[in-house]
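Student: I am new to this structure, and I would like to understand the reasons behind the words used for it. Could we go through them one at a time?

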Amino acid sequence: MSKKTVILIVEWCIAILFVFLFFRGYNPYMGSLTPTKAHELSERSYHYGPSKIVKVVPFGGNTTVYLGVYKEWFSSDTVIKRGLGWHPGGGVGGVWIDSSKPLTYSWSVSERDKKLTLAQFYGYVSDPEITTVVLYTETDSVDNKEARTLSTMSQEINEDRMFLFIWNDKDLNSHWKSIQGLDQEGKVVYEEKFN
Amino acid sequence: MRIVAIAGTIIRRSIIVIFGLLLIIQAVSLIVSNSSDKEFIKSLNHDGPVTKYTLNKKIDMDGDIFTAKELYLTSKKTVLHYSISKQDPGGWSFPNSAIKLINSNGEELMQHSSSSSSTGRGETGFISFNEMNEPLGSITLKYEWYDRQAEINIPLAKDGEGQ
């Protein structure tokens, strides 16, 4: 074997060793290859779950929300794509389901960048009579800051008992007015007013 | 053949240089966090004499190993030095509020601050609680987090004064 070949082999060994050593250690840059992997990492590293996923809600390509139930808690674990990989992004911790209440809810608003302020309002419906959940919000009008526009979002409730309203709140500055639970006939059986 | 050999050399050497630099950055950040831990322990002296107890008790948290390393007692606070080694890199840092300390009279110490830094696979940190009036006998460390629970009773054997 010539001296050149020996150097070549040694250099390759060093290169492989360096790559191996680097990926062995913690890597904030890489993230997970799939949103599901990031969600699993999120729950595992938080020492919560694994929750039973009832809905997977992708939002705008760079966000995926995992609505899940774990024992007496529900969560809306959100993972975010940054660069090539997916990273845990909040909402991992479970909210205790208060079964004495018709529905238990939680929310989050996070300003992601100049274009996206992600708003989430989610919950778990304990009352079997409630088949639809409606969220009332008021948003700032574009031309007149004083005037507000009322808007509603509604979702049907099925066996998994969970709901999630998710939207980009940038430029809207929503004010949450109330949450209602409607029965099959559309009658309001539960209402909670905010502020 | 010559072009392949040259391309191979370029790839190989760039890997060595790039990953070599990245490894140096990793190593430096580890050294920095290690020395800041030492600084923190030293700074406990500001409240007067410090009593150190070596605990070295482990709790298995879903395969992640939590180690209660030492306990520092000053006239103003009780500080737990812990580390956790994780199965996988990344993810959330350890939720400190899951750790509770109960003194030998059965009173829970109020937790008021914490700090942590990443150490490759895992992290090390300090959780500060109220001062302990009766640092005699033993202390109970409780882990309560959703459905996870663990409790260990640790006899306190004095390790020496100060640091």
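**Reasons behind the words**

Tutor: Let us begin with the largest nonpolar core of this predicted model, which has 31 residues, and in which Phe66(B), Leu71(B), Leu80(B), Ile99(B) and Leu141(B) have the most contacts inside the core. At least two residues of this core come from each of the chain B strands β1 (51–61), β2 (64–73), β3 (77–85), β4 (99–102), β6 (122–130), β7 (138–145) and β8 (148–155).

Student: What makes a set of residues a nonpolar core?

Tutor: The residues must be buried, they must be of kinds such as Leu, Ile and Phe, and their side-chain atoms must join them within 4.5 Å, so a set that meets these conditions is called a nonpolar core. In soluble globular proteins, nonpolar side chains tend to be buried together.

Student: Which residues does Leu71(B) touch, leaving aside residues up to four places away in sequence?

Tutor: With those neighbours not counted, Leu71(B) touches Thr51(B), Lys52(B), Tyr53(B), Leu55(B), Thr78(B), Val79(B), Leu80(B), Leu101(B), Met132(B), Ile139(B) and Leu156(B). Apart from the core of 31 residues lies another core, of 16 residues, which includes Leu103(A), Val125(A), Ile157(A) and Trp176(A).

Student: Why is His39(A) called buried?

Tutor: The relative accessibility of His39(A) is 5%, and buried means under 20%, so His39(A) counts as buried. His39(A) is placed in helix α2 (residues 35–46) of chain A, and, not counting residues up to four places away in sequence, His39(A) touches Ser51(A), Ile53(A), Tyr66(A), Asp77(A) and Val79(A). The C-alpha atoms of His39(A) and Thr131(A) are separated by 28 Å, and these two residues are 92 residues apart along the chain.

Student: How do you know that Ser75(A) is buried?

Tutor: The relative accessible area of Ser75(A) is 0%, and the cut-off for buried is under 20%, so the word applies to Ser75(A). Ser75(A) lies in strand β3 (residues 73–82) of chain A, and among the residues Ser75(A) touches, not counting those up to four places away in sequence, are Glu43(A), Tyr48(A), Tyr66(A), Val92(A), Tyr122(A) and Met162(A).

Student: What is noted about the backbone in the loop between α2 and β1 of chain A, where His47(A) has its place?

Tutor: His47(A), in that loop, has a positive phi of about 55 degrees although it is not a glycine. With a relative accessible area of 0%, His47(A) is buried, because the word means under 20%. Pro50(A) also has its place in the loop between α2 and β1 (52–59), and a cis peptide bond with omega of about 5 degrees joins Gly49(A) and Pro50(A).

Student: Is Asp62(B) buried, partly exposed or exposed, and why?

Tutor: The relative accessible area of Asp62(B) is 37%, and since buried means under 20% and exposed over 50%, Asp62(B) is therefore partly exposed. Asp62(B) is placed in the loop between β1 and β2 of chain B, and its phi is near 50 degrees, a positive value in a residue other than glycine.

Student: How does the radius of gyration of each chain stand against that of a compact globule?

Tutor: Chain A has 23 Å, where a compact globule of 195 residues would have a radius of gyration near 16 Å, and chain B has 21 Å, where a compact globule of 163 residues would have one near 15 Å. Taken along the principal axes, the C-alpha atoms fill a box of roughly 85 × 45 × 25 Å in chain A and of roughly 80 × 40 × 25 Å in chain B.

Student: Which secondary structure elements does each chain have?

Tutor: Chain A comes to two helices and 12 strands, and from the N terminus on the order of its elements is α-α-β-β-β-β-β-β-β-β-β-β-β-β. Chain B has one helix and nine strands, running α-β-β-β-β-β-β-β-β-β from the N terminus on.

Student: What share of each chain counts as buried?

Tutor: In chain A, 45% of the 195 residues count as buried, and in chain B buried residues make up 41% of the 163 residues.

How values were computed. Residues are numbered from 1 along each chain as its sequence is written. Chains are lettered from A and ligands numbered from 1 in the order in which they are written. This is a predicted model: local features need pLDDT of at least 70, side-chain atom pairs count only at pLDDT 80 or more; totals for chains, interfaces and linings use all residues. Side-chain values use heavy atoms; hydrogens and water are left out. Buried means under 20% relative accessible area, exposed over 50%, partly exposed in between (1.4 Å probe, protein chains only). Helices (H or I, at least four residues) and strands (E, at least two) are DSSP runs, numbered from the N terminus. Contact means heavy atoms within 4.5 Å. The radius of gyration is taken over C-alpha atoms; the globule rule is 2.2 Å times the number of residues to the power 0.38.
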